[in-house]
Amino acid sequence: MANIKFIDPVKEIAGKLNKGENLHFRTRNGKTQAYIVKNPYNGPATEKQTLARNKFAELAKQTKLILLDPTLKSQWENRYEEYKKNAEAHPFKYKKIYSTLRGFIIAQLANKQ
């Protein structure tokens with residue numbers, strides 16, 4: 001197995017490098033993984049997939065509006081800082097620890113719905 005050590009300009013990589021390629025990259029918990037998709041699904045999206053995509057799109061729009069408003073952004077930044085302190089002190093209390101403010105906001109808005 002090859003060992004890859006990234007230099008500073010490349011911290012994470014995700015997705016395909018070329019359009020028709022089946023080699024995908026993802027970064028999980030600070031480790032970059034490469035994998036090959038052998039039988040990708042090319043059919044239409046199911047009703048549940050469509051609903052999930054639409055819900056995520058709506059949450060992303062709401063998050064964008066929050067991040068553009070300085071007052072709301074500062075409130076969410078304070079909540080995120082408090083969350084990070086709690087997550088650092090009690091990591092097993094949380095199912096997932098969010099590493100970005102945007103991801104944290106989307107998760108919190110999704111939990112409210």
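A residue counts as buried when its relative accessible area is under 20%, as exposed when that area is over 50%, and as partly exposed in between. Keep that in mind as we walk through this structure, which is a predicted model.

Let's try the cut-offs on Gln-108, a residue that sits in helix 3. Its relative accessible area is 22%, so Gln-108 is partly exposed. Leaving out residues up to four places away in sequence, Gln-108 touches Trp-76 and Arg-79. And how far apart in space are Gln-108 and Phe-92? From C-alpha to C-alpha the two are 18 Å apart, with their positions 16 residues apart in sequence.

Now hop over to His-24, which you'll find in strand 2, residues 23–28. Here the relative accessible area is 18%, so His-24 is buried. What is His-24 in contact with, if we set aside its neighbours within four places in sequence? The list is Gly-15, Lys-16, Gln-33, Ala-34, Tyr-35 and Val-37.

Next up is helix 1. It has 22 residues and reaches 32 Å from its first C-alpha to its last, close to the 32 Å expected at 1.5 Å a residue. Four of its residues are worth picking out in the viewer: Leu-59, Ala-60, Thr-63 and Ile-66 are buried. They cover an arc of only 120 degrees around the axis, so they lie on the same side of helix 1. What covers these buried residues? The cover includes helix 2 and helix 3, the latter being residues 101–112. Turn to the face of helix 1 that points away from the buried side, and you meet the exposed residues Glu-47, Leu-51, Arg-53, Lys-61, Lys-64, Leu-65 and Leu-68.

That brings us to how helix 1 sits against helix 2. In general, two packed helices are described by the angle between their axes and the distance between the axes. For helix 1 (residues 47–68) and helix 2 (residues 70–89), the axes come within 5 Å and cross at roughly 100 degrees. Angles of 65 to 115 degrees count as roughly perpendicular, and therefore helix 1 and helix 2 are roughly perpendicular to each other.

Which residues meet there? From helix 1 come Ile-66, Leu-67 and Leu-68, and from helix 2 come Pro-70, Leu-72, Lys-73 and Trp-76. Sorted by class, this contact has six nonpolar residues, one charged residue and no polar ones. Two of these names have already come up: Ile-66 is among the buried residues of helix 1, and Trp-76 is one of the residues that Gln-108 touches.

Key:
Residues are numbered from 1 along each chain as its sequence is written. This is a predicted model: local features need pLDDT of at least 70, side-chain atom pairs count only at pLDDT 80 or more; totals for chains, interfaces and linings use all residues. Side-chain values use heavy atoms; hydrogens and water are left out. Axes are lines fitted to C-alpha atoms, for helices over the stretch in contact, and angles run from 0 to 180 degrees between N-to-C directions. Helices (H or I, at least four residues) and strands (E, at least two) are DSSP runs, numbered from the N terminus. Angles under 35 degrees count as roughly parallel, over 145 as roughly antiparallel, 65 to 115 as roughly perpendicular and the rest as oblique. Contact means heavy atoms within 4.5 Å. Ala, Val, Leu, Ile, Met, Phe, Trp, Tyr, Cys and Pro count as nonpolar, Asp, Glu, Lys and Arg as charged, and the others, Gly among them, as polar. The expected span of a helix is 1.5 Å times one less than its number of residues. Buried means under 20% relative accessible area, exposed over 50%, partly exposed in between (1.4 Å probe, protein chains only). The arc is that of the directions from the helix axis to the C-beta atoms.
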